[in-house]
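Here are my notes on the model you sent over. Please read them with the coordinates open.

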Amino acid sequence: MKAQGRLLLLVLCSLVVSAIYILLCCLSCLPPCRATCLDHHLPVDSSPTAPGPLHFRGYSSVPDGKPLVREPCHSCAVVSSSGQMLGSGLGAQIDGAECVLRMNQAPTMGFEADVGRRSTLRVISHTSVPLLLRNYSHYFQQARDTLYMVWGQGRHMDRSLGGRTYRTLLHLTQMYPGLQVYTFTERMMAHCDQIFQDETGKNRERSHPSVPYHYFEKGRLDECQMYLAHERAPRSAHRFITEKAVFSRWAKKRPIVFAHPSWRAE
């Protein structure tokens, strides 16, 4: 059970980084909402003021590898997966947007009043693909008008070598002809990594190094896992994340300097 608990905490920690990464990428350059990316290294083929579909070069369709071609959207709703959406009553307003963007395995069935029904584009981390497969009929069979954008690096996403995740996506397109599945090109992944670093000041690949909770102890939960375990404990625990928020408020009022790792309260 301890091993399973550690694995769950590691997955949760990874999902936090993934959510931030996806959201930054969505708001910065992800189609169809930002048809004209400001980065000149990833241009579109059509003028943003010209009518008709645009050609997005940073995305490659499964299985033929063609670039994404579609009409731009004039209004978009980027729907959070946060529990704050419960009771929001924003479903109708979300569905009223021309395009609706969702992340990973966030469902709509049973939550329509708060998060809406429509899904124009779903951005998926390669680690979340297995989670969608658990209810593939909902995500792939009943939402055939959705464009699926899968991001990730490494051997599992490698097209030429037939990586495991890529093979799964290929099988899905064979099961459901007409399913719109795209993967990020290596160039787009590098572009998004740079956006993440520019916005956060951290390298995405090294943004969460595994360090021990105490420098004088080894073999126990690492710092990230310890933070999450205590923050979610029902009682009798440090609330490390909450405490950091308190320290941040104090640092705005008193001459407190966090030297290592450096941390400047904004």
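The points below deal with helices and a surface patch.

1. Status. This is a predicted model. Every value in this note was computed from it.

2. Length of α6. Helix α6 covers residues 164–175, which is 12 residues. At 1.5 Å a residue, the expected span is 16 Å. The end C-alpha atoms lie 17 Å apart, so the length agrees with expectation.

3. The two sides of α6. Which residues of α6 are buried? They are Thr-165, Tyr-166, Leu-169, Leu-172 and Thr-173. These residues span an arc of only 115° around the axis, so they sit on the same side of α6. The general rule is that an α-helix has 3.6 residues a turn, so residues three or four places apart point the same way. Arg-164 and Gln-174 are exposed, on the face turned away from the buried side.

4. Cover over α6. What covers the buried residues of α6? The cover includes two helices, α4 (129–133) and α5 (136–141). It also includes the strands β6 (147–151) and β7 (180–184).

5. Thr-173 in detail. Thr-173 belongs to helix α6. Its relative accessible area is 12%, and the cut-off for buried is under 20%, so Thr-173 counts as buried. Setting aside neighbours within four places in sequence, Thr-173 is in contact with Val-62, Pro-63, Leu-179 and Val-181.

6. Helix α7. Helix α7 runs over residues 186–200 and has 15 residues. From first C-alpha to last, α7 reaches 21 Å, close to the 21 Å expected at 1.5 Å a residue. Its buried residues are Met-188, Met-189, His-191, Cys-192, Asp-193, Ile-195 and Phe-196. Note that Asp-193 is among the buried residues. Gly-201 follows α7 and has a positive phi, near 75°.

7. Ala-229. Ala-229 is in helix α8, residues 223–232. Buried, exposed or partly exposed? With a relative accessible area of 27%, Ala-229 is partly exposed. Its C-alpha is separated by 9.7 Å from that of Phe-240, and the two residues are 11 apart along the chain.

8. Surface patch. Phe-247, Trp-250 and Ile-256 form a nonpolar patch on the surface. Together they have about 290 Å² of accessible area. Trp-250 is in helix α9, residues 240–253. At 47% relative accessibility, Trp-250 falls short of the over 50% needed for exposed, so it counts as partly exposed.

Methods
Residues numbered from 1 in each chain as written. Predicted model: local features only at pLDDT ≥ 70, side-chain atom pairs only at ≥ 80, totals over all residues. Heavy atoms only, no water. Helix = DSSP H or I, 4+ residues; strand = E, 2+ residues; numbered from the N terminus. Expected span 1.5 Å × (residues − 1). Buried < 20%, exposed > 50% of the residue type's maximum accessible area, 1.4 Å probe, protein only. Arc of directions from axis to C-beta. Contact = heavy atoms within 4.5 Å. Patch = residues over 30% accessible without salt bridge, like charges linked within 9 Å, V, L, I, M, F, W, Y side chains within 5 Å. Areas by Shrake-Rupley, 256 points an atom, 1.4 Å probe, with all protein chains shown as cover. Salt bridge = Lys/Arg side-chain N within 4 Å of Asp/Glu carboxyl O.
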